[in-house]
Amino acid sequence: MDRHSTGRATFAPRCTGDRPRESGFTLIEMVITLFVTALLLAGLLTLFNTMNKISRVQTHVADLQQNLRVAQYEMVRMTRMAARGGLLRGTLPDGFAVDVRNEVPDTGDEAYIAEGNVNSPKIEPGTDVLTVRGVFTSPVYQMNAAGPYFSRTLDADGNVTGGTMQVQDPNPDTGVPQSLVPIQEAIDDQIDAPILLVSPLESLYAVVELDHGNSEINATDADGNATDITIAFEASGGTYTDDYNSLVPLGQFPPQMQAVSAVGLLEELRFYVAEPDGTNIFEPRLTMAEFMAGTETPWNADPANLRSYIADNILDLQVALGIDLENDGDVEDPGGATDEWLFDQEGDTNADGTLASADWNTPLPGGGFPSIYFVRISTLARTDRGDVNYVDDPIEEIEDRTYAEPATPGTAEEREARRHRRRLLETTIDLRNLS
């Protein structure tokens with residue numbers, strides 16, 4: 001070692017070059033990133049809003065279609081059973097089994113579902129009322145016409161004033177079960193119910209009033225359900241006997257009717273659109289009323305039976321009748337005065353076009369009468385809520401009701417109505433029990 005050495009090692013400094021720049025975004029890059037992000041968010045929000053609107057519209061339309069299906073189902077089911085039990089069609093359009101009140105006025109007795117009763121629900125003006133009668137919800141009790149199950153009471157002139165009949169569960173001759181509970185309940189509730197009596201002779205029947213005070217429950221099962229009832233009835237002098245007789249062709253108990261082959265509780269249902277009263281957003285509604293048959297009195301005199309809601313947001317109910325005037329097995333609809341549909345075009349009343357009303361009930365040259373084959377029901381429904389900036393297509397007409405809506409709504413009321421999406425459902429019913 002050199003003597004001048006200090007004893008410490010020395011090193012030359014290491015050359016590292018320039019220090020590298022730290023990573024990060026420039027202001028311009030940040031602005032561009034934020035702009036792109038904002039565009040993406042705006043697009044996502046727009047897509048979400050659009051999909052939300054579509055979903056809301058589809059939900060409303062689905063509810064609308066469900067309301068239409070519910071409305072049609074109940075009316076179609078009951079109309080198809082019109083005249084069940086042996087009731088005749090009667091004089092059209094105000095028949096015994098099917099009755100149509102066409103284009104209800106805004107004022108007057110017919111404006112209410114119980115005609116002349118201003119305390120009953122009011123009907124949406126311009127709509128129709130469909131009335132069907134028959135034995136709907138209870139059995140048609142079969143009886144042995146040759147057995148000692150039926151008796152009549154006559155006055156001094158030989159007119160039937162009342163009588164009795166015995167029904168049993170099961171039928172003693174056939175062994176077929178037939179629940180007597182509906183009759184038992186009518187007796188217990190003291191209802192002056194209409195009873196349909198059908199003769200073994202073709203097209204011969206009577207509508208009488210249940211004499212609940214003189215009817216007897218002869219036997220019951222372990223659950224208290226009647227198995228043997230003697231039904232007393234009145235053919236005249238009762239609370240509703242005059243109204244019930246109005247449903248019989250002769251207007252009275254047929255004097256030649258000396259035996260009964262079937263018995264049933266006769267029901268009358270009226271389907272109508274209840275006018276909005278401002279108490280519910282779902283009105284107008286398709287509604288059903290149940291009456292004592294042939295009267296303007298609700299079933300069991302209970303006003304609650306005049307308003308049984310079926311479906312919400314139903315705007316219109318139109319009814320047309322298909323009648324075979326030529327007895328050729330076909331109901332033609334060419335339009336004009338030669339078609340065989342009643343209430344299907346403007347101006348139809350009791351006559352279709354130029355046909356006289358008597359043609360509906362005048363015997364045909366080959367015998368018999370023109371046959372009613374079909375009832376066509378059209379219901380118009382709307383969505384619960386309207387859509388902003390939406391205008392529904394105009395409606396020209398539905399059956400014999402003319403709307404003639406303008407292509408562009410001209411008033412605030414028209415614009416508000418057309419904001420709701422509307423759908424029309426039409427069903428043609430092939431009647432089972434009428435001809």
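Select alanine 404, in the loop between strand 18 (401-402) and helix 4 (412-418). This is a predicted model, and here alanine 404 has a positive phi of about 50° although it is not a glycine. Most residues other than glycine have a negative phi. Is alanine 404 buried or partly exposed? At 46% relative accessibility, alanine 404 counts as partly exposed, because that class lies between 20% and 50%.

Next, go to alanine 83. The loop that holds alanine 83 runs between helix 1 (27-80) and strand 1 (98-101). Alanine 83 also has a positive phi, about 75°, and is not a glycine. Its relative accessible area is 3%, so alanine 83 counts as buried, the cut-off being under 20%.

Now select aspartate 169 and proline 170 together. The peptide bond from aspartate 169 to proline 170 is cis, with omega near 0°. Most peptide bonds are trans. Proline 170 sits in the loop between strand 5 (160-168) and helix 2 (181-188).

The last stop is a sheet. Select strands 15, 14, 16 and 19: these 4 strands form an open sheet in that order, with antiparallel pairing. Which strands stand at the edges? They are strand 15 (341-342) and strand 19 (422-430). Each has a single partner strand, so one side of each is left without a neighbour in the sheet.

To see one pairing in detail, keep strand 15 and strand 14 (residues 314-324) on screen. The two run antiparallel and are joined by 2 bridges. Within this pair, glycine 322 stands opposite tryptophan 341 in strand 15.

Conventions: Residues are numbered from 1 along each chain as its sequence is written. This is a predicted model: local features need pLDDT of at least 70, side-chain atom pairs count only at pLDDT 80 or more; totals for chains, interfaces and linings use all residues. Side-chain values use heavy atoms; hydrogens and water are left out. Buried means under 20% relative accessible area, exposed over 50%, partly exposed in between (1.4 Å probe, protein chains only). Two strands pair if DSSP finds at least two bridges between them.
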